[in-house]
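I opened this model to look up its fold, its ligand site and a few backbone oddities. My notes follow in the sequence I took them.

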Amino acid sequence: MTDTLLLVDIQNDFLPGGALAVADGDAVVPVANRLMPLFSSVVASQDWHPADHLSFVDQHAGFKPFQVTEVDGLEQILWPAHCVQGSPGASFASALDIARIDYVVRKGENPRIDSYSAFYDNDHRHQTDLTDILRRLGTDRLFVMGLAADVCVKFTVMDALAEGFAVTLIVDGVRGVDMHEGDTEAAIQAMRAAGAECVNSTALVAQG
Ligand code: VGL
Ligand code: ZN
């Protein structure tokens, strides 16, 4: 049984003070640091957008942040510019123990399409290396935590299940954007309903 830990988008722009701050987002960093030594392999995804990415509200005249539009026929939430390639906001959280990360998977590099999932672009046509990496590692069960619970964590967990991995969501290791009240709780319920097991990191630490 090979367990792999996947850290989703634990980047400065998603922490308090960042461009797309998730409330209490920095709380996931000590959880990640505590869990990483328990896993033989750790993979981290990194939202990695060009400066003119079409998910950015500044690319759409007359729109406000968090409004919804269509890009190439696909619904697109317009986010504040965030995680621009090479910027400090795109870097992993400075308190994150990055020496423990074995593989980094970048996503959202195509300017025309968003990529919430660490596996696939939102149109499900282009795939990252994540499935290949996990298969090479012999991953049976993927433990997932990070940011944001109701966006990238949710899409990543749904794709992981569809790819055939058993998934455990580390509930105290996620925080959500909560664009609408209750989004995070609903996302956790949806992941559980789709087949993800839910645990707290304390249970994993106790097991060693
Ligand atoms: C994310 C919105 C836009 C995330 C990334 O990591 O959850 N959310 N890009
Ligand atoms: Zn993004």
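**Entry 1: a bridge between two strands.** I began with Leu 6, whose bridge partner in E2 is Val 43. E1 and E2 pair in the parallel sense, and I count 5 bridges for them. I kept in mind that this is a predicted model.

**Entry 2: confidence.** I checked the scores before going further. The average pLDDT of the protein is 97. I find 100% of the residues at 70 or above. The ipTM is 0.98, and the pTM is 0.98.

**Entry 3: the sheet.** In what order do the strands of the open sheet run? I read E5-E2-E1-E6-E7-E8, 6 strands with parallel pairing. The edges are strand E5 (103-107) and strand E8 (197-199), and each of them pairs on one side only. From one strand to the next, the twist averages 25°. A reminder to myself: the strands of a sheet pair through backbone hydrogen bonds, in parallel or antiparallel fashion.

**Entry 4: around E2.** I went back to E2, residues 41-47, and looked at its pairing with E5. That pairing is parallel too, over 5 bridges. Asp 47 has Lys 107 in E5 as its bridge partner. Is E2 mostly covered or mostly open? It is mostly covered, with 6 of its 7 residues buried. Helix H2 (residues 130-137) lies across E2, and also across strand E1 (3-8), E5 and strand E6 (141-147). I noted the angle between H2 and E2: about 175°.

**Entry 5: the hairpin.** Next I turned to strand E3 (residues 68-71) and strand E4 (residues 74-77). These two pair in the antiparallel sense over 4 bridges. Val 68 stands opposite Ile 77 in E4. The hairpin they form has 2 residues between the strands.

**Entry 6: backbone oddities.** I searched for unusual torsions. The background is that most residues other than glycine have a negative phi, and most peptide bonds are trans. Asp 72, in the turn of the hairpin, has a positive phi of about 50°. Why does Asp 72 count as exposed? Because Asp 72 has 9 C-beta neighbours inside 10 Å, and the exposed class takes 12 or fewer.

Asp 24 also has a positive phi, near 65°. I located Asp 24 in the loop between E1 and H1. Asp 24 is exposed as well, because 11 other C-beta atoms lie within 10 Å.

Which residues does the cis peptide bond join? I found Leu 147 and Ala 148, with omega at about -10°. Ala 148 sits in the loop between E6 and helix H3 (149-162).

**Entry 7: the ligand.** I listed what surrounds ligand 1: Asp 9, Phe 14, Asp 47, Trp 79, Leu 147, Ala 148, Val 151 and Cys 152. Both residues of the cis bond, Leu 147 and Ala 148, appear in that list. Asp 47, which I had met as the partner of Lys 107, appears there too. How does the shell divide by residue type? I get 6 nonpolar, no polar and 2 charged.

**Entry 8: Leu 20.** I picked Leu 20 in the loop between E1 and helix H1 (28-35). Why is Leu 20 classed as buried? Because 23 other C-beta atoms lie within 10 Å of Leu 20, and 20 or more are required. Leaving out residues up to four places away in sequence, Leu 20 touches Asp 13, Phe 14, Trp 79, Pro 80 and His 82. Phe 14 and Trp 79 are also among the residues around ligand 1. I then took a long-range distance. The C-alpha atoms of Leu 20 and His 124 are separated by 24 Å, with their positions 104 residues apart along the chain.

**Entry 9: Val 29.** My last residue was Val 29, which lies in helix H1. Val 29 counts as buried because it has 21 C-beta neighbours inside 10 Å. Its contacts, residues up to four places away not counted, are Ile 10, Ala 93, Ala 95 and Leu 96. Val 29 and Asp 102 are 73 residues apart along the chain, and 17 Å separates their C-alpha atoms.

Methods:
Residues are numbered from 1 along each chain as its sequence is written. Chains are lettered from A and ligands numbered from 1 in the order in which they are written. This is a predicted model: local features need pLDDT of at least 70, side-chain atom pairs count only at pLDDT 80 or more; totals for chains, interfaces and linings use all residues. A residue is near a molecule or strand if its C-beta atom, placed from the backbone, lies within 6 Å of it. Ala, Val, Leu, Ile, Met, Phe, Trp, Tyr, Cys and Pro count as nonpolar, Asp, Glu, Lys and Arg as charged, and the others, Gly among them, as polar. Two strands pair if DSSP finds at least two bridges between them. Axes are lines fitted to C-alpha atoms, for helices over the stretch in contact, and angles run from 0 to 180 degrees between N-to-C directions. Two residues are in contact if their C-beta atoms, placed from the backbone, lie within 7 Å. pLDDT is the predictor's confidence in each residue, from 0 to 100.
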